[in-house]
Amino acid sequence: MTIETNGDRVYEYQGYSIERNPATGRWEIFWRERKQTVDFERVADAEEWIDDQIPSHRF
């Protein structure tokens with residue numbers, strides 16, 4: 001699901017939010033409104049990181 005707000009892109013993926021940082025242009029990940037200590041150049045890399053955080057038995 002993609003939500004667009006004020007020209008910024010915010011993606012919801014597996015319960016996480018992926019948001020573009022306007023200052024750096026990199027994608028940041030938030031879980032329950034808390035920023036994770038990672039950022040990525042591409043959304044696909046952020047999604048892959050999220051997939052790695054989810055135990056395989058949830059699929």
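**Exercise 1. Work out what share of the protein's residues count as buried, then how much surface the protein exposes**.

Step 1. Start with the residue count: of the 59 residues in this predicted model, 27% count as buried.

Step 2. Now turn to the outside. The protein exposes about 4,400 Å², and carbon and sulfur atoms supply 43% of that area.

**Exercise 2. List the helices and strands, and give their order along the chain**.

Step 1. Count them up: you should get one helix and five strands.

Step 2. Read along the sequence and you'll find the pattern β-β-β-β-β-α.

Step 3. Have a look at long-range contacts too. Take the contacts between residues at least 6 apart in sequence: 19% of them join residues at least 24 apart.

**Exercise 3. Find out how β4 pairs with β3 and with β5, and how covered β4 is**.

Step 1. Begin with β3. This strand pairs with β4 in the antiparallel sense, over four bridges. Across from W27 in β4 stands R20.

Step 2. Check the link of this hairpin. Six residues sit between β3 and β4, and G25 takes a positive phi near 80°.

Step 3. Move on to β5, residues 34-40. Its pairing with β4 is antiparallel over four bridges, and F40 in β5 is the bridge partner of W27.

Step 4. Check the link here as well. The hairpin of β4 and β5 has two residues between the strands, and R32 in the turn has a positive phi of about 50°.

Step 5. Finally, cover: four of the five residues of β4 are buried, so the strand is mostly covered.

**Exercise 4. Count the aromatic pairs, then describe the geometry of Y11 with W27 and of Y16 with W49**.

Step 1. The count comes to three aromatic pairs.

Step 2. Take Y11 and W27. Their ring centres are 5.4 Å apart and there are 65° between the planes. Planes over 60 degrees apart count as edge-to-face, so that's the label for this pair.

Step 3. Place the two residues. Y11 belongs to strand β2 (residues 8-13) and W27 to strand β4 (residues 27-31), so the pair links distant parts of the chain, 16 residues apart. Y11 and W27 are both buried.

Step 4. Do the same for Y16 and W49. Here the centres are 6.3 Å apart with the planes at 85°, so this pair is edge-to-face.

Step 5. Place these two as well. Y16 lies in strand β3 (residues 16-20) and W49 in helix α1 (residues 43-53), so the pair ties together parts that are 33 residues apart in sequence. Y16 has a relative accessible area of 10%; the cut-off for buried is under 20%, so Y16 is buried.

Step 6. Put the ring pairs together: they link Y16, W31 and W49 into a cluster.

**Exercise 5. Decide how the buried residues of α1 are arranged around the helix**.

Step 1. Pick out the buried residues in α1: V43, A46 and I50.

Step 2. Look down the axis of α1. The buried residues fall within an arc of 60°, so they line one face of the helix.

**Exercise 6. Describe the surroundings of R20**.

Step 1. Locate the residue: R20 is in strand β3.

Step 2. Is R20 buried, exposed or partly exposed? Its relative accessibility is 38%, so R20 counts as partly exposed.

Step 3. Find its contacts. Leaving aside neighbours within four places in sequence, R20 touches R9, G25, R26 and W27.

Step 4. Zoom in on two of these. R9 is eleven residues from R20 in sequence, and their C-alpha atoms are 6.1 Å apart. As for G25, the side chain of R20 reaches its backbone oxygen at 2.6 Å.

**Exercise 7. Explain what stands out about phi at Q14 and E33**.

Step 1. Recall the background: most residues other than glycine have a negative phi.

Step 2. Try Q14, in the loop between β2 and β3. Q14 isn't a glycine, yet its phi is positive, about 55°. With a relative accessible area of 37%, Q14 is partly exposed.

Step 3. Now E33, in the loop between β4 and β5. E33 isn't a glycine either, and its phi is positive, about 70°. At 77% relative accessibility, E33 counts as exposed.

Key
Residues numbered from 1 in each chain as written. Heavy atoms only, no water. Buried < 20%, exposed > 50% of the residue type's maximum accessible area, 1.4 Å probe, protein only. Contact = heavy atoms within 4.5 Å. Areas by Shrake-Rupley, 256 points an atom, 1.4 Å probe, with all protein chains shown as cover. Phe/Tyr/Trp six-rings, centres within 6.5 Å; stacked < 30°, edge-to-face > 60°. Pairing = 2+ DSSP bridges. Arc of directions from axis to C-beta. Polar contact = N/O pair within 3.5 Å; in protein donor to acceptor, adjacent residues only side chain to side chain.
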